[in-house]
Amino acid sequence: MSDTENATATDGPEPVVKRGSDLSMGTVDAGEGMSKGVLLDESDGAPHFAMRRFELAPGARVPNHTNEVEHEQYVLAGEYTVGIDGEEHTVTAGDALLIPAGVPHWYRNDGDEPGAFICVVPNGDDTIHVLDDE
């Protein structure tokens, strides 16, 4: 590889490693019993996507809402119900979801164990529109 090719390959964001033990979780105003921590986003130099961790406490409820951006989610722990476009889905660790932009969705954890998932969204503005209680 030439020096020019090498320089091009390294132009762009710097690599980032963040420890899970350093993740700061905060409450989510739109949902009762839901918390969120930002794993990576624009502030870390991620040029296209933000990666976040969400936790649903036992009894958590997040109302039916839409987002202006798509969501890709990967379930890490627990079992909980997600309503997507009028259909209910029980999800568990290892399941993946795609919630397209503008599609109504909600969350409910009726179990005794917390649920957790990773959510990846495009960087930029995202307006949340609460539609009603599931």
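## Exercises on a predicted model

**Exercise 1. Which residues does L56 touch, leaving out those up to four places away in sequence?**

Solution. In this predicted model, L56 touches G33, M34, V62, Y80, Y107, N109, P114, G115 and F117, with residues up to four places away in sequence not counted. Next, place L56 in the interior. L56 is among the residues with the most contacts inside the largest nonpolar core, together with M34, Y80, V82, Y107 and F117. That core has 20 residues. The strands β3 (49–67), β5 (79–84), β7 (96–99) and β9 (115–122) each supply at least two residues of the core. Strand β3 gives the most, with five residues.

**Exercise 2. How many aromatic pairs does a search of the whole structure find, and which residues do ring pairs link into a cluster?**

Solution. Start with the count: the search finds three aromatic pairs. Take Y80 and F117 next. Their ring centres are 6.0 Å apart and their planes stand at 35 degrees, so this pair is tilted. Because Y80 belongs to strand β5 and F117 to strand β9, the pair ties together parts that are 37 residues apart in sequence. Y80 is buried, at a relative accessible area of 2%, and F117 is buried as well, at 1%.

Now take Y107 and F117. Here the ring centres are 5.4 Å apart and the planes are at 15 degrees, so the pair is stacked. Y107 lies in strand β8 and F117 in strand β9, so this pair ties together parts that are 10 residues apart in sequence. Y107 has a relative accessibility of 3% and counts as buried. The last step is the cluster: ring pairs link F54, Y80, Y107 and F117.

**Exercise 3. Is H71 buried or exposed, and what does its side chain reach?**

Solution. First locate the residue: H71 is in strand β4 (residues 71–77). Its relative accessible area is 6%; the limit for buried is under 20%, so H71 is buried. The side chain of H71 reaches the backbone oxygen of V69 at 3.2 Å. Beyond its neighbours within four places in sequence, H71 is in contact with R52, L97, L98, I99, H105, C119, V120, V121 and D126.

One of these contacts, H105, can be followed from the other side. H105 lies in strand β8 (residues 105–108) and is buried, with a relative accessible area of 1%. Outside the residues up to four places away in sequence, H105 touches P63, N64, H65, T66, N67, H71, G83, I84 and I99.

**Exercise 4. Where is R19 found, and is R19 buried or exposed?**

Solution. R19 is found in the loop between α1 and β1 (26–27). With a relative accessibility of 56%, R19 counts as exposed. For a distance across the sequence, take L39: R19 and L39 are 20 residues apart in sequence and 9.0 Å apart in space, C-alpha to C-alpha.

**Exercise 5. Where in the chain is confidence lowest, and where is it highest?**

Solution. Begin with the whole chain, which averages a pLDDT of 89, with 91% of the residues scoring at least 70. By element, confidence is lowest in helix α1 (residues 3–10), at a mean of 50, and highest in strand β6 (residues 87–92), at 98. Over residues 1–8 pLDDT stays under 50, and the model has one contact beyond four places in sequence for this stretch. Where pLDDT is low, predicted coordinates should not be read in detail.

Key:
Residues numbered from 1 in each chain as written. Predicted model: local features only at pLDDT ≥ 70, side-chain atom pairs only at ≥ 80, totals over all residues. Heavy atoms only, no water. pLDDT = per-residue confidence, 0-100. Helix = DSSP H or I, 4+ residues; strand = E, 2+ residues; numbered from the N terminus. Contact = heavy atoms within 4.5 Å. Buried < 20%, exposed > 50% of the residue type's maximum accessible area, 1.4 Å probe, protein only. Core = buried A, V, L, I, M, F, W, Y, C linked by side-chain atoms within 4.5 Å. Polar contact = N/O pair within 3.5 Å; in protein donor to acceptor, adjacent residues only side chain to side chain. Phe/Tyr/Trp six-rings, centres within 6.5 Å; stacked < 30°, edge-to-face > 60°.
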